[in-house]
Amino acid sequence: MSSTECVFCGLLAGQGETTWVARRDGASAFLPLAEGRLSPAHTVVVPNEHAVGIHDATAESLQAVVLLAQAVARAMERSIGARGVNILNASGPDSDQSVPHLHFHVIPRWQGDGLDTWPSTVSSHPLDDAWLGEVRAAIPA
Ligand SMILES: [Zn+2]
C-alpha cells in the first residue's frame, strides 16, 4: 500500500474527519472512531511519515511516536487522573493489525475500570529449540 491510499496518511493530510489530540512535527495523536474506543480518552498515536509497522519505521519516526505516546500518557495522568496506560500495537500481516500505518493505542487506566487488556489466550505456533539462537543471530549488533 502506498501512502496515497493510506487512511491515516489521508487524515494527516487533512482528508476526512477526526478529532486531533496533538500535532507535532514527527507524530500526531487523534481519537479513534467511537465504536473502536476501549475507554474514554483512548488515543491513537501515529508517526506523520508513513510506515506500515515497527518493522519498516525509521528511527526518527519511532522516536517521535514513542515520545508523543509518553507525552499523552503523562497528560492523561495530570489531567484526567489516569495513573496507568496500556499501549497496544500490532505490526504486520499476521498480527491482526487494523490499519497498515504504524500506530500505538494509548489507553488510560483507572483502578477498577473493568478493562482487561492482557491476552487470555496463548499462541499455539510450534518452534523447535533452535529459535533463541536464530533470533539472537538475526539481531544486528
Ligand atoms: Zn500512512
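Colleague: In what order do the five strands form the open sheet?
Modeller: In this predicted model, the pairing of the strands is antiparallel and the sheet they form is open. The twist from one strand to the next averages 20°. Read across the sheet, the order of the five strands is S1-S2-S3-S5-S4.

Colleague: Which strands stand at the edges, each with a single partner strand?
Modeller: A strand with a single partner strand has one side left without a neighbour in the sheet, and this is so for the strand at residues 20-23 and for the strand at residues 84-88. The strands at the edges are therefore S1 and S4.

Colleague: Which residue in S3 is the bridge partner of Phe30?
Modeller: Strand S2, residues 27-30, runs antiparallel to strand S3, residues 43-47, and four bridges join the two. For Phe30, the bridge partner in S3 is Val44.

Colleague: At about what angle to S3 does helix H2 run?
Modeller: Helix H2, residues 59-80, lies across S1, S2, S3, S4 and strand S5, the last of these being residues 104-109. Relative to S3, helix H2 runs at about 155°.

Colleague: Which element supplies the largest share of the largest nonpolar core?
Modeller: The largest nonpolar core has 22 residues, and Val45, Val46, Val65, Leu68, Ala69, Val72 and Val106 are those with the most contacts inside it. Helix H1 (7-12), S2, S3, H2 and S5 each supply at least two residues of this core. The largest share, seven residues, comes from H2.

Colleague: With which residues is Val72 in contact, leaving aside its neighbours within four places in sequence?
Modeller: Val72 is one of the residues with the most contacts inside the largest nonpolar core. Once its neighbours within four places in sequence are left aside, Val72 is in contact with Val21, Ala22, Ala29, Thr43, Val45 and Val106.

Colleague: Is Glu49 buried, partly exposed or exposed?
Modeller: Glu49 is found in the loop between S3 and H2, and, not counting residues up to four places away in sequence, Glu49 touches Thr58 and Ser61. A residue is buried if 20 or more other C-beta atoms lie within 10 Å of its own, and exposed if 12 or fewer do. Because Glu49 has 18 other C-beta atoms within 10 Å, Glu49 is partly exposed.

Colleague: What percentage of the residues of the protein count as buried?
Modeller: The protein has three helices and five strands, which from the N terminus on run α-β-β-β-α-β-β-α. Of its 141 residues, the share that count as buried is 23%.

Technical notes. Residues are numbered from 1 along each chain as its sequence is written. This is a predicted model: local features need pLDDT of at least 70, side-chain atom pairs count only at pLDDT 80 or more; totals for chains, interfaces and linings use all residues. Two strands pair if DSSP finds at least two bridges between them. Axes are lines fitted to C-alpha atoms, for helices over the stretch in contact, and angles run from 0 to 180 degrees between N-to-C directions. Two residues are in contact if their C-beta atoms, placed from the backbone, lie within 7 Å. A nonpolar core is a set of buried Ala, Val, Leu, Ile, Met, Phe, Trp, Tyr and Cys residues joined through C-beta atoms within 7 Å.
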